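Trainee: Could we go through this model together? I'd like to see how each label is earned.
Mentor: Happy to; let's take the labels one by one.

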Amino acid sequence: MNQRFSENVQFDYEIRLALGSAWRRGADVGEVLATAAAVADAGGGGEAWFTAWAELGRRVRDQADRGAAGGRTVSARDGWLRAAGYFGTALVGADAVAGPGERPAEVFREHRACLDRFLRTGDPPAEPVAVPYEGMSLPGYLVGPPGGSGPLPTLIVNNGSDGPLSSAWTLLGAPAVARGYRVLLFDGPGQQSMLFERAVPFRPDWEKVITPVVDFLLSRPDVAPRRIALAGISQGGYWVPRALAFEHRIAAAVADPGVVRVADSWWHNLGPELRALWESGDRAAFDGFIGEGLRQDPALAALWRWRARPYGIDSPFDLLTEVSRYDVTPVARRITTPLLITDPDGEHFWPGAARELYDLLPGPKHLVRFTEEEGAHLHCEPTGRALFEQRVFDWLDDCLENRAR
């Protein structure tokens, strides 16, 4: 399990995530490994990453389009999902490309077009939806199982900070539909289309997002009102418990992994000296120090821009001040919804947070370990998807079946 696919830690993780998505037909192992090797041969930088994965996405998409034109619907649909995932993987390097702007925007449009084709050609076709939200709407898809009719248990899939919606599908949506759930995939503030197309940033009070989503689902006759679940990926491990502290109509929830303070993932990399400088309140000194470091390390600067983009804040001092508001500690005692929290070995964004969140909760709770020995370690268990689904969805099924009685 010590295999490295890239010297860049973020890229290495993204390759593992792509490999794991093959379990739900979101990638082909050979395509992923060949592209990872091509990136390494080209120097391994962000420009090479963005170009190689975007080119792969286009090749796979074009083949899918040709299959669709020839009536090969299964091959076409599989190709569109893989292409969507590859375009999404390309976007991880978007802030390292020369002249960022139109190129990443174009790749995002290509990603979403492929995902849309995949979802609309399903059995049954996914329904594009617009969730009313503060004078605008949150775009998404409602996906049902084959032959599903009447009110069904429904899973709200809460994406993370920067993952493509195709990953939300392979990580949570597809296994839920396979088990007879309806699934709502959506973009919240700062996520995907809300970020790339509308420039709407994150917000810490995520209950203001999930409550309109629940309102929308409860207005539909095909949703079982007592069997609505919520599951969050990555930074969704903060948004889910934050929402549960205020929204009590959800029957059960999953945080993969548990997150208490979002800022911990930033300070883990910045270190105690920079944190002390930030805590001193010296905005100019902090911004100057960070700015100089980013100028000296283009790869780090690209990653910083990628992580900071959804907050819409340029000043590093102001950015960390905003991120520090994302803290579930003050409201955790209000959570009464049964909550499953994953705790994988090697969690590198929020080490120790899963147990801390578990200990904060007063209500029904379940902590699930995933280990390196099982091959299901690291953030969001990228290469342990079958085991993840078995443990998490068996628990979720039990919770929702009890609510049906």
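**How the labels are earned**

Mentor: In this predicted model, Trp-239 is buried, with a relative accessible area of 0%.

Trainee: Why is Trp-239 called buried?

Mentor: Buried means under 20% relative accessible area. Trp-239 has 0%, so the label applies. This residue sits in helix H9, residues 236-244.

Trainee: Which residues does Trp-239 touch, leaving out those up to four places away in sequence?

Mentor: Among them are Asn-158, Gln-191, Phe-202, Arg-203, Trp-206 and Tyr-326.

Trainee: What makes H5 oblique to H6?

Mentor: Helix H5 (residues 102-120) and helix H6 (residues 165-178) pack at an angle of about 40°, with their axes 9 Å apart. Angles under 35 degrees count as roughly parallel, and 65 to 115 as roughly perpendicular. The angle of about 40° fits neither range, so H5 is oblique to H6. On the H5 side the contact is made by His-111, Arg-112, Leu-115, Phe-118 and Leu-119, and on the H6 side by Leu-165, Ser-166 and Trp-169. These residues divide into five nonpolar, two polar and one charged.

Trainee: Which residues have the most contacts inside the largest nonpolar core?

Mentor: They are Trp-53, Leu-119, Leu-155, Trp-169 and Leu-396, in a core of 72 residues. Helix H3 (residues 46-69) gives the largest share, nine residues. Another core, of 62 residues, lies apart from it, with Phe-216, Ala-243, Ile-290 and Leu-320 among its members.

Trainee: And what does Trp-53 touch?

Mentor: Beyond residues up to four places away in sequence, its contacts include Ile-15, Val-32, Val-39, Tyr-86 and Ala-90.

Notes. Residues are numbered from 1 along each chain as its sequence is written. This is a predicted model: local features need pLDDT of at least 70, side-chain atom pairs count only at pLDDT 80 or more; totals for chains, interfaces and linings use all residues. Side-chain values use heavy atoms; hydrogens and water are left out. A nonpolar core is a set of buried Ala, Val, Leu, Ile, Met, Phe, Trp, Tyr and Cys residues joined through side-chain atoms within 4.5 Å. Buried means under 20% relative accessible area, exposed over 50%, partly exposed in between (1.4 Å probe, protein chains only). Helices (H or I, at least four residues) and strands (E, at least two) are DSSP runs, numbered from the N terminus. Contact means heavy atoms within 4.5 Å. Axes are lines fitted to C-alpha atoms, for helices over the stretch in contact, and angles run from 0 to 180 degrees between N-to-C directions. Angles under 35 degrees count as roughly parallel, over 145 as roughly antiparallel, 65 to 115 as roughly perpendicular and the rest as oblique. Ala, Val, Leu, Ile, Met, Phe, Trp, Tyr, Cys and Pro count as nonpolar, Asp, Glu, Lys and Arg as charged, and the others, Gly among them, as polar.
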